[in-house]
Amino acid sequence: MSALWRPPLPFLRLIAAGISRASQHRGLGTPAGDTIVIPKRIQRSPTDILQALAGTVGQDTTGPHYKYSDDPFLNPYSNLTKRSYALSKESGRKAARWIREKYPRLFSHRPDDPFIESFQPKQQYQEGEQVGVDTLVGVVARGEVANAVTVYHLCKNQGVALPDELLQDLLELLCFYNEEEQVDVEWVEERWYRQASTTTRKTWKDNRLAEEVFASLTTRGPAAYCALIRGMAQYLQVDRAWQLYQECREKGIPLDTGTHNALIRVASFLRDASDLRWQLVQELLCTMAERDVQPDLGTLNATLEALAQVSGWRQARDLSLKVLMEFHQLGIKPSLATYYYLLLIHCRDRGPRSDILVGILDQLEGQSFTLQDPKDTSFFVTAMEVARNHLKSLKVAERVDSLLHLGDNHLFIGDSYKESVYYRHYFALSCSSLPIDEFMQVYDKLVPHIYTPEPGIMQEVLEAVQTSGALHYLPQLWSDMVTFDHSSRDKLVGLMLAALTHHHPSPDNPQLTERLVTIAKDIWTRVQEQDPNRRNRVTWTGQMLGWVVEVVVRCGEYQTATEVLQEATTTPQAVLGVLPAPSLTALLSAALHRKDTDTAVAVVLYAQDAGHQETGQMAQQVHSSLPLSNQHLAKLASALGRDVYLPHDTPAPAT
Amino acid sequence: MFLQKVYVLDMRAQQLLRPLACRSLATSHPRAEIKAAAEEEFRTLEIGRKKRERFTAKTFKPATMLPPRYKQQKTDQDWGSVWPAARTFHPATVPFPVRQGYPASGQPTPDKWANAELMKIPNFLHLTPPVIKRQCEALKKFCTPWPAGLETTAKQEKHFPVTVSKSSYLHSSPTIRDPKARIVTLKVHLRSLDLDYHGRDKLLRLVGERYDADTDCLTLVADRCPLSQQNYDYCQYLLTVLYNESMKTEPWEHEKELVDLEKYVWEGSPSQAAAQNVVTARGINDAEELLKEYGQVVTDLHNEGEDEATVLRYQESVMKLLGLTDPQDTATASEPKYIQGEVC
């Protein structure tokens, strides 16, 4: 793009001066004294304009996420397809990266200017390779854990002397990552979809490389002890961490804030009783105060985390508020993780109701957040859960939602699991609080691209639609159920059928009747065509078949009803239970109306097999309305017995 | 590897412990039968080809597909969020029906679905007027007001006669460089440069095609150096040198010949001599205005080229000079006088 670029001022002034000088020289006179005011250029970074333009683009809920191809065939709707499409796209990138790393000689073309480090294959270190101190320094600086371990071993084998600073850096690296290579930052989808592991088991690698490096340090200063204690506490090797802490206290080695924070966080593992745990935390805090170690946000969050782990204790709530007040006086601003822990402490399942979330939202309204603690990403999920289960208030939930969608705050949703849980709570709360029409607006906005409902939530939605009688939403819900792969769940199919039976066809809604009948027929054909080897199959219950019959008969689809009856009579072992009496009665009246003797007789026989009490009445009806052939008579006689059924020339006694 | 993990997780979630080979166990394998038979009794002699189980072709069920996206779009949706940047035409997202292309015989114009013509051409769906307005509003905070005192073009030219322009390029590729970014263009009007007649003439000879007579604009383009800063310095230098050189008069410039003259000069030309002859031959005493007019007309004819007006004026002037009258005007006709020699 062409930019009109004015040359710098000195050059222009020269020219202008030249002209005025020349004009003076020729006696034309100086230009009139007009002052030119050139405002100062507004400084902007290279991407400010792009960001300003990007800020004008809002959210589009009719289309899939940007990472998917926007095509009707390729849009993912169910949770499984969303996940597999995203991960398969990334696996393609991983395959490309793998080829790049396996055959680096084939990729000697380097058009990038300036040189892009991350496009180059990662250096691998083999046995017998000559390495020096610089190699290890570079590897540690780049944070490559596996390579660092390899190079360290190579250095030791080759007898290279490693200085203490390098060993300290290596120790910090190993303690932070516990000697495991992390998933590359580039694999965003894998990170997005992986479950955050919340184990309470020790994962620290005992007597392995980290401790070896620690032992090989010539002088073990405070930095080394801090690194090791922090690493052990992080990966729950609590006993050894406590041991080292005592050692430091005895030897008088000063520890920093981060180490104390790590120890406070694991205090619950060191004591059993709630008050003893709190006592330990207090001791640690007092030690910090004695040693003049400044507390920070980490200390606040660690203290509250320790309290959250004893949240059953009666005093936990008051203590948490006191802690918050004290840190506020120290000038430490809380982060989202602080509020997360507060919610955990105050809004417990079996505790009294607490409105602290409302206070927190008042505090946070309109703010944009920056990441300060790993647990910041848990706040919004917990807040929505509290709004749904604890407070049961849609207003609070909407406040939380508007805070999440402010500016860049949406990044604090964390990962895909938290996002789905968040929207699940919001959705369920809307379903139970809003009238059905408003709820369906929320449904249209969120489903299917932002959130795909789980079967449990779909069940709630179906129940809501059924109770409110807004049956015109059923076609959309059924098509969504089919796309989300819910059509193989017994409970949901049963609920759908039950909802369909509430429809009463009338002359002013023929289209709706037609669509609802289509649903019933679709359910029937789908279940019949199921692959018998499939894992989740819908097994017909008598109740479900009865509903199918009722719906199709009521809405005029007789053919399907006869098919259903045939299925029920020919393969009774495939059906759990029997068709209930009302549906059989309905079918019978339809059969009598159409003078279909075979079906009518079949209905009566089935009813007899099922043991319904209305069988006698039904037999009477058949007998009185339709002419029966000898075959039919014989069948009825054999099934019903002589005393119930009488030939038509004898008046029938009342049963 | 993670796809495998998904599969395993799925399995675990269902809590089924079926072996993976369940399908092969379900269908009766001929070998199994033979093996069982062999253990118990004599081997059966199979004559002819074993009947291979016919694998029925898997009935391909079309994947459940929802209707195209434009059916869910509301009429008052924010189009700028749906189509934020330049994008190849996509029929499922664009809500209106549009047709393009030459129709086959008996067919209507091809519609938007799988229409290569629509996909090839640039569409400007990302630049609807409301979106442009919104983007301008967003960019306003980077803009400063136009400098006071430079409202009119005349003032701008007076204070800032020189315009320098260069382009910068942004690439979405591994390399961000573009060699065209070094080109610097300098434009200045010659009326802003203080040149006398000789200076202007000399400058025009020096710059040649770089001067545009219609707009009176001198354009200097520099791309000989690798950096735009260097090219800009070179442009500055060039302008300075041109100006200074054209103000100077070299000693050898007096050797300018007739053929080097930039325009026709009547004084001292054969035309003047001939006209003077005519005048003296006719014996006119006060011929100053006649000659002057004649000289002017001949100069125009040479300098401005021959067209209707100049030729007509020439004709009139020559007739006046020769004392001729219009042949149609017989009332005041005087005898034509033919003079030997050229009349130029």
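**Exercise 1. In this predicted model, find the ring of chain A over whose face R220(A) lies, and give the distance.**

Solution. The ring belongs to F214(A), and R220(A) is placed over its face at 5.5 Å from the ring centre. Chain B offers another case: R87(B) sits over the face of W83(B), 5.0 Å from the ring centre.

**Exercise 2. Classify the ring pair W242(A) and Y245(A) as stacked, edge-to-face or tilted.**

Solution. Step one: the search of the whole structure gives 20 aromatic pairs over all chains. Step two: for W242(A) and Y245(A), the ring centres are 5.1 Å apart and the planes meet at 40 degrees. Step three: planes under 30 degrees apart count as stacked and those over 60 as edge-to-face, so this pair, at 40 degrees, is tilted. Step four: both residues belong to helix α10 (residues 238-251) of chain A, where a spacing of three residues separates them by about one helical turn. Step five: W242(A) is buried at 15% relative accessible area, and Y245(A) is buried at 2%.

**Exercise 3. Check the length of helix α29 (residues 597-610) of chain A against its expected span, then describe its surroundings.**

Solution. Step one: the expected span is 1.5 Å times one less than the number of residues. For the 14 residues of α29(A) this gives 20 Å. Step two: the end C-alpha atoms are 20 Å apart, in agreement. Step three: the buried residues of the helix include T597(A), V601(A), V604(A), L605(A) and Y606(A). Step four: the buried residues of α29(A) pack against α27 (558-570), α28 (581-593), α30 (615-625) and α31 (630-640) of chain A. Step five: just after the helix, G611(A) has a positive phi of about 85 degrees.

**Exercise 4. Name the residues that touch the most other members of the largest nonpolar core.**

Solution. Step one: this core has 185 residues, and those sought are F379(A), F380(A), L474(A), L477(A) and W540(A). Step two: leaving out residues up to four places away in sequence, the contacts of F380(A) include L336(A), F369(A), F412(A) and Y422(A). Step three: another core lies apart from the largest one, with 18 residues, among them V164(B) and L242(B). Step four: Y422(A) also belongs to an aromatic cluster with Y423(A), F427(A), F439(A), Y443(A) and Y451(A).

**Exercise 5. Explain why C175(A) and C286(A) form no disulfide.**

Solution. Step one: a disulfide needs sulfur atoms within 2.5 Å. Step two: the cysteine sulfur closest to that of C175(A) is in C226(A), 11 Å away, which is too far for a bond. Step three: for C286(A) the closest is in C248(A), at 19 Å, again too far. Step four: C175(A) is buried at 3%, whereas C286(A) is partly exposed at 46%. Step five: over all chains, the search finds zero disulfides.

Conventions: Residues numbered from 1 in each chain as written. Chains lettered and ligands numbered in written order. Predicted model: local features only at pLDDT ≥ 70, side-chain atom pairs only at ≥ 80, totals over all residues. Heavy atoms only, no water. Phe/Tyr/Trp six-rings, centres within 6.5 Å; stacked < 30°, edge-to-face > 60°. Helix = DSSP H or I, 4+ residues; strand = E, 2+ residues; numbered from the N terminus. Buried < 20%, exposed > 50% of the residue type's maximum accessible area, 1.4 Å probe, protein only. Lys NZ or Arg CZ within 6 Å of the ring centre and 35° of its normal. Contact = heavy atoms within 4.5 Å. Core = buried A, V, L, I, M, F, W, Y, C linked by side-chain atoms within 4.5 Å.
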